Amino acid sequence: MTPEPAILSPAQARNALALIAEAEIGVRESGGNNCGARIREYQRATWLTPDAWPWCAAFVDWVVAQWLKAPSVLATLNLPPEDVEKWRPRTAGAWDLVNWARDKNLLVAGENAVVHRGDIVVYDFSHVGIVVE
């Protein structure tokens, strides 16, 4: 009998997300702006066809998709595996990630909020990233 996956604390769940993002530190564009094999992989996590477009939101989508492969994350979110593709973000827009979070009843903090490791942060200049430190 397979044991049930552990339910993570919010800090543990965010840390799991940050670990995936951290493993990608050092990825560089190659062959031009917004280009390269790894960048295209991130972009395939969105609904857009990969091309030379800004990939910050695509990176967050990709990290979330990888994060959702962990049974403990699914258990924590009470998310059945068959719902992962419907639940995860697939946007190429930084601000659309705010809309996604609201749609999923996730915390959307104000601009002066204290951030924590693993938080997704959307900047007012239409950029997004994941806090790792």
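This is a short talk about two pockets and one residue, Glu29, in a predicted model.

Okay, hi everyone. Keep in mind as we go that the model is predicted. Let's begin with the empty space.

Rolling a probe the size of a water molecule over the atoms shows where empty space is left. In the largest pocket, that space comes to about 1100 Å³. Its lining is made up of 34 residues. If you want to find the centre on your screen, look for Leu107, Val108, Ala109, Asp119 and Ile120, which lie nearest to the centre of the largest pocket.

So which elements give two or more residues to that lining? They are four helices and a strand: α1 (10–22), α3 (56–67), α4 (71–77), α6 (94–103) and β1 (120–123). Of the elements, α6 gives the most to the lining of the largest pocket, with five residues. And as for chemistry, 25 of the lining residues are nonpolar, five are polar and four are charged.

Now on to the second largest pocket. Here we have about 310 Å³ of space. This pocket is lined by 18 residues, and Trp55, Cys56, Phe59, His127 and Val128 are the closest to its centre. Two elements give two or more residues to this lining, namely α3 and β2 (127–130). You'll recall that α3 was also on the list for the largest pocket. Which element gives the most this time? That would be β2, with four residues. The classes for the second largest pocket run to 12 nonpolar, four polar and two charged residues.

Let me hang on to Trp55 for a moment, as that residue brings us to Glu29. Where does Glu29 sit? You'll find Glu29 in the loop between α1 and α2 (37–43). Is Glu29 buried or exposed? Well, buried would need under 20% relative accessible area and exposed over 50%; Glu29 has 35%, so Glu29 is partly exposed.

What does Glu29 touch, leaving aside neighbours within four places in sequence? The contacts are Asn34, Cys35, Ile39 and Trp55. With Trp55, the side chain of Glu29 makes a polar contact of 2.7 Å, side chain to side chain. With Asn34, the partner is the backbone: the nitrogen there lies 3.3 Å from a polar atom of the Glu29 side chain.

One last thing to look for on your screens. Glu4 and Glu29 are 25 residues apart along the chain, and their C-alpha atoms are separated by 40 Å.

That's what I have, thanks for listening.

Terms used: Residues are numbered from 1 along each chain as its sequence is written. This is a predicted model: local features need pLDDT of at least 70, side-chain atom pairs count only at pLDDT 80 or more; totals for chains, interfaces and linings use all residues. Side-chain values use heavy atoms; hydrogens and water are left out. On a 1 Å grid over the protein atoms alone, a cavity is a set of points where a 1.4 Å probe fits but cannot get out, and a pocket is an open set with protein on both sides within 12 Å along at least five of seven lines; lining residues have an atom within 4 Å of a point. Grid points are joined across faces, edges and corners, and a volume is the space filled by probe spheres set on the points. Ala, Val, Leu, Ile, Met, Phe, Trp, Tyr, Cys and Pro count as nonpolar, Asp, Glu, Lys and Arg as charged, and the others, Gly among them, as polar. Buried means under 20% relative accessible area, exposed over 50%, partly exposed in between (1.4 Å probe, protein chains only). Contact means heavy atoms within 4.5 Å. A polar contact is a pair of N or O atoms within 3.5 Å; within protein, one must be able to donate a hydrogen and the other to accept it, and residues adjacent in sequence count only if both atoms are side-chain atoms.
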